[in-house]
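The questions below work through strand pairing, then the ligand site, then an enclosed space. Please look at the sequence and the model first.

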Amino acid sequence: MISRDQHGISRRNISNGALRVLYRLNEAGYEAFLVGGAVRDLLLGGHPKDFDIATNATPEEVRGLFRNCRLIGRRFRLAHVVFGQEIVEVATFRGIGEEGNADRHVVDGRIVRDNVYGSIEEDAIRRDFRVNALYYNIADFSVRDYVGGMADLEKKELHLIGEPELRYREDPVRMLRAVRLAAKLDFRIDESAARPFARLGALLCEAAPARLFDESLKLFLSGHGLASFRELDRSGLLQFVFPSTAAALSKRHGDEFRRLVECGLANTDHRVQAGKSVTPAFLFALLLWGGVRERAERIIASGGDALHAYGDSAEAVILEQTARVAIPRRFSLVMEEIWALQPRFEQKIKKRVTRLLAHPRFRAAYDFLVVRGQADPSLAELAQWWEQIQVADTARLGELFQQPSPAASDVAVPRAARKRRRRRRRKSVVGEGGAPPAEP
Ligand code: ATP
Ligand code: MG
């Protein structure tokens, strides 16, 4: 037990909602602790966004105390207490319970249901990492450390609780959580926790795609995307979650593709840190571009249908990827548009430029072009041209349109594919994003 004067957690950094839940539970005679990532991040001097609470009250008892409370989850029953925008998650201590006992189910070593309640000590050891098993007690403001999490925080190390192989088999997504936390906190994954990746990484292929989608957003859109990517690549786990990305990194344009992903993720991290919005569509467009390009070039090289090579490989790569990570259709549609608009940036004819500027997906596609320009110097000039055109006054516009266009060969999509796209567009009445049909 670490008393209040021996740790740095101040109630000022805990959300009002979480404090109200903690005090209310405590006043009603229950034990109430802040737990998990919030305690970890508070001890590291961070500002957690979400606060999880652990208590000995059952979900039903929690509901009895709060009007603004709903019970969620069947596999893992929880109470959500809602304060406007904020949701405070309240979980009852999970116990050990024998297999087949009460309400825990294990299938092939995986925990598929866990509603056995127990003591705080039992709750601590079923958590994933030692640094995630620290409890802040609202009754005396002390921190309880049952598994050595405090020492790990000081050493900046991630250790699994218990036998690593067993813990990964129970829930393979813990391997991704290790990578994500190492990236987020700039911690080292302890050798014992990293060693099983090689043998067990493939278990991630069987994880629920919807869960891997959520986990991907946390990996890449939380302000430490670049670090996550590097850690994922280094750990050897990338191939199991983003197979075409991993493959493209080792192929012909691998180095350029790596620069593209890294530049794009660095930009995304800056946006997140500046409080700007980011979209999963742009993220996945980055991660999958290498695979799309590589596949299209393979189709063309082997004498396949060059006209449709890019569109077809976009479709195939998305299909393959969504079997692993459930990217919702509303995002993959935007990804396809971002990719399809890239060749149109080459056409610096005034009418087409005006039309592209008005395209609903212009911004995302232009941002993508900028990142391509950062990764491939031969595209930098084109990206700059488009930057200028957006802010130019009339006189400057005249100048810009007089400049000779950069070599068409700088752009990845071959001429044949471009021609085909134009022809197809003309046939469609609505055109992309409702734009009028292309001029002859
Ligand atoms: P962050 O919120 O920064 O993403 P976190 O550690 O809080 O990280 P959550 O998903 O919010 O992650 O989980 C809260 C806590 O629940 C964790 O700190 C950990 O104690 C426990 N936990 C979450 N997922 C697992 C898991 N797969 N296996 C075991 N314990 C877990
Ligand atoms: Mg959390």
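Q: In which sense, parallel or antiparallel, do strand β4 (residues 78–83) and β5 pair?
A: The model is predicted: local features need pLDDT of at least 70, side-chain atom pairs count only at pLDDT 80 or more, and totals for chains, interfaces and linings use all residues. Residues are numbered from 1 along each chain as its sequence is written, chains are lettered from A and ligands numbered from 1 in the order in which they are written, and side-chain values use heavy atoms, with hydrogens and water left out. Strands are DSSP runs of E (at least two residues) and helices are runs of H or I (at least four), numbered from the N terminus; two strands pair if DSSP finds at least two bridges between them. For β4 and β5 there are five bridges, and the sense is antiparallel.

Q: Which residue takes a positive phi in the hairpin of β4 and β5?
A: Within this pair, V82 has I87 of β5 as its bridge partner. Two residues lie between the strands of the hairpin, and the one with a positive phi near 55° is G84.

Q: What is the bridge partner of I53 in β5?
A: Strand β2 (residues 52–55) pairs with β5 (residues 86–92) in the parallel sense, over four bridges. In that pairing, I53 is matched by V90.

Q: Which residue has a positive phi in the hairpin of β6 and β7?
A: β6 (residues 104–107) and β7 (residues 110–114) run antiparallel and are joined by four bridges. R104 is opposite D114 in β7. The hairpin has two residues between its strands, and a positive phi near 50° belongs to D108.

Q: How much of the exposed area of ligand 1 does the protein bury?
A: Polar contacts are pairs of N or O atoms within 3.5 Å; within protein, one must be able to donate a hydrogen and the other to accept it, and residues adjacent in sequence count only if both atoms are side-chain atoms. Side-chain atoms of R180 and R127 lie 2.6 Å and 2.9 Å from oxygen atoms of ligand 1, and one of R174 lies 2.8 Å from a nitrogen atom of ligand 1. Alone, ligand 1 exposes 590 Å² (Shrake-Rupley, 1.4 Å probe), and the protein buries 83% of that.

Q: Which helix gives the most residues to the shell around ligand 1?
A: Among the 16 residues around ligand 1 (a heavy atom within 4 Å), R40, D171, R174, R180 and K184 come nearest. By class, 13 are charged, three polar and none nonpolar. At least two residues each come from α2 (37–43), α7 (173–185) and α10 (209–220). With four residues, the top contributor is α7.

Q: How much space lies in the second largest cavity?
A: The structure holds three cavities of 30 Å³ or more. Lining residues of the second largest include F257, G290 and R293, and α14 (254–273) and α15 (280–301) each supply at least two. α15 gives the most, with three residues. The space in this cavity is about 60 Å³, where a cavity is a set of points on a 1 Å grid over the protein atoms alone at which a 1.4 Å probe fits but cannot get out, with lining atoms within 4 Å of a point, and the volume is that filled by probe spheres on the points, joined across faces, edges and corners; the value is about 60 Å³.

Notes
Nonpolar A, V, L, I, M, F, W, Y, C, P; charged D, E, K, R; others polar. 1 Å grid on protein atoms, 1.4 Å probe; cavity = no way out; pocket = protein on both sides within 12 Å on 5 of 7 lines; lining within 4 Å.
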